[in-house]
Amino acid sequence: MQPVTLKIYQDPAYISEQDFKQLIAEPVKNKYPHLTVEQVMTQNSLEKLIAAAEPVDFFVTWNGQMAFYKDLGFYEDITPLAKKSNFDLGKFDPGALDALRAVSDSGTELYALPYAVQYNALYYNKAIFDKFGVPYPKDGMTWADAIELAKKVTRLDGTTQYYGLDTDDYVRFTFPLSLQAVDGKTNKALVSGEPYKRAFEMAKQIYSIPGLAYQNRGIERFTKNKTVAMLATINLSSQLKQTPDLDWDVVQFPSYPDKPNVYGMYDLHILIPNRNSKHQDDMMRVMEVLFSDEVQTNMVRKSGKVSTLKDAKYKQQYGKDLPELQGKRIDSIFKSVPAPAPQYSRFYPKAAEILRWNYVDYMNNKKDINTALRDAEEAINKHVAGELGK
């Protein structure tokens, strides 16, 4: 076969240089010597790359961004090519593929494949609980349980303020309820109703604990300052690797009483093949290798990423080669599942940003809940109308 070079463009936040080498470049070259896969780090959006006529074969992003790029002529249903190549789509978590199919107008076309799924967990600093003689968190807690526990370890000790519970973003409360800021079909804001009020008020309960002021620095306060007793957030394996002196462990993410064992909705890191690439069969070969048993096993054992393949063995193998995860309660992470992800709007990224501004104002007591959500809805609808009117 003639030599072929394929280029994968991605923001640096997704696949590290080491992971790219071990999970894509080297295994692809080993199986298909004619293929060279290059990683191109970029801060540019897919829209800008296409406008600049860059030779993009794959683009890496997350599923919440897909609708934003939908009208660029980049997407095509992968399903026929997968059938032609005998690539088994049945090995994926069906909920993950459903979340991606929701992007299409028909709800059936698959424009990308998910190579990793984000998880949510409740990390805790054992030293803080030991210091105050308080029992550690446990699996199966509701948010109310976590808040009551947080009250026991939110204390001022000398000049050091300890924070019982913290998070990194409002979506930790909205995603388990499958809430969208904008309706994926009508492009109307959805943030003024009771579901968003419920989510924001749950967050408010945490930061209303005396001494537990909202600072929007949850991860930093946990990993660097070591003043947070419990942190409800996403996969922190890379950060925790850099903090070997932190005596931490992990339990199941807190849940709503009517949504037991559910954490943030499907948050997928995805590989999108370009329909305009001249190398469709070779792109399928890359995906075949990436989603092979050998590479997926290597990924979950060494990279800290969670596979989207449904076989339970990939969860059982998770983190086995990562020293920082040894002896931790990793099984607790997988006792919850992601909530379904409804169809995203192409206006979601900006809408989420607008909602975040108003969430911060609410948490800092600059706005009451009704004003914050009303202002967010008005601003989102104004933004959408302006974009549609161009």
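In which strand is H269 found? H269 sits in strand β12, which covers residues 268-273, and helices (H or I, at least four residues) and strands (E, at least two) are here DSSP runs, numbered from the N terminus. Before I go on, please keep in mind that this is a predicted model, in which local features need pLDDT of at least 70 and side-chain atom pairs count only at pLDDT 80 or more, while totals for chains, interfaces and linings use all residues. Residues are numbered from 1 along each chain as its sequence is written, and side-chain values use heavy atoms, with hydrogens and water left out.

Let me stay with H269 for a moment. H269 is buried, with a relative accessible area of 17%, where buried means under 20% relative accessible area, exposed over 50%, and partly exposed in between, using a 1.4 Å probe and protein chains only. Leaving aside neighbours within four places in sequence, H269 is in contact with Y14, T61, W62, L113, P114, Y115 and A116, contact being heavy atoms within 4.5 Å.

H269 also brings us to the largest pocket, which holds about 1,200 Å³ of space. Of the 40 residues that line this pocket, the closest to its centre are A13, Y14, Q118, N235 and H269. As for the terms, on a 1 Å grid over the protein atoms alone, a pocket is an open set of points where a 1.4 Å probe fits, with protein on both sides within 12 Å along at least five of seven lines, and lining residues have an atom within 4 Å of a point. Grid points are joined across faces, edges and corners, and the volume is the space filled by probe spheres set on the points. Among the elements that each supply at least two residues of the lining are α1, β3 and β4.

Next, helix α12, residues 293-302, where V295, Q296, M299 and V300 are buried. Seen down the axis of α12, these buried residues fall within an arc of 125 degrees, so they line one face of the helix; the arc is that of the directions from the helix axis to the C-beta atoms. The general reason is that an α-helix has 3.6 residues a turn, so residues three or four places apart point the same way. The buried residues of α12 pack against α1, β4, α11 and α13.

Strand β10 offers another picture, since both of its faces are covered: W248 and V250 on one side, and D249 and V251 on the other, are all buried. Strand β5, residues 120-125, pairs with β10 in the antiparallel sense over four bridges, where pairing requires that DSSP finds at least two bridges between the strands. Within this pairing, D249 of β10 is the bridge partner of Y124.

Finally, what does a search of the whole structure find in the way of salt bridges? The search finds 24 of them, a salt bridge being a side-chain nitrogen of Lys or Arg within 4 Å of a carboxyl oxygen of Asp or Glu. One of them joins D281 and K84, whose closest N and O atoms are 3.3 Å apart. D281 lies in helix α11 and K84 in helix α3, so the pair ties together parts that are 197 residues apart in sequence. D281 is partly exposed at 34%, whereas K84 is exposed at 59%. In another salt bridge, R285 and D282 have their closest N and O atoms 2.6 Å apart, and these two, being three residues apart in helix α11, are separated by about one helical turn.
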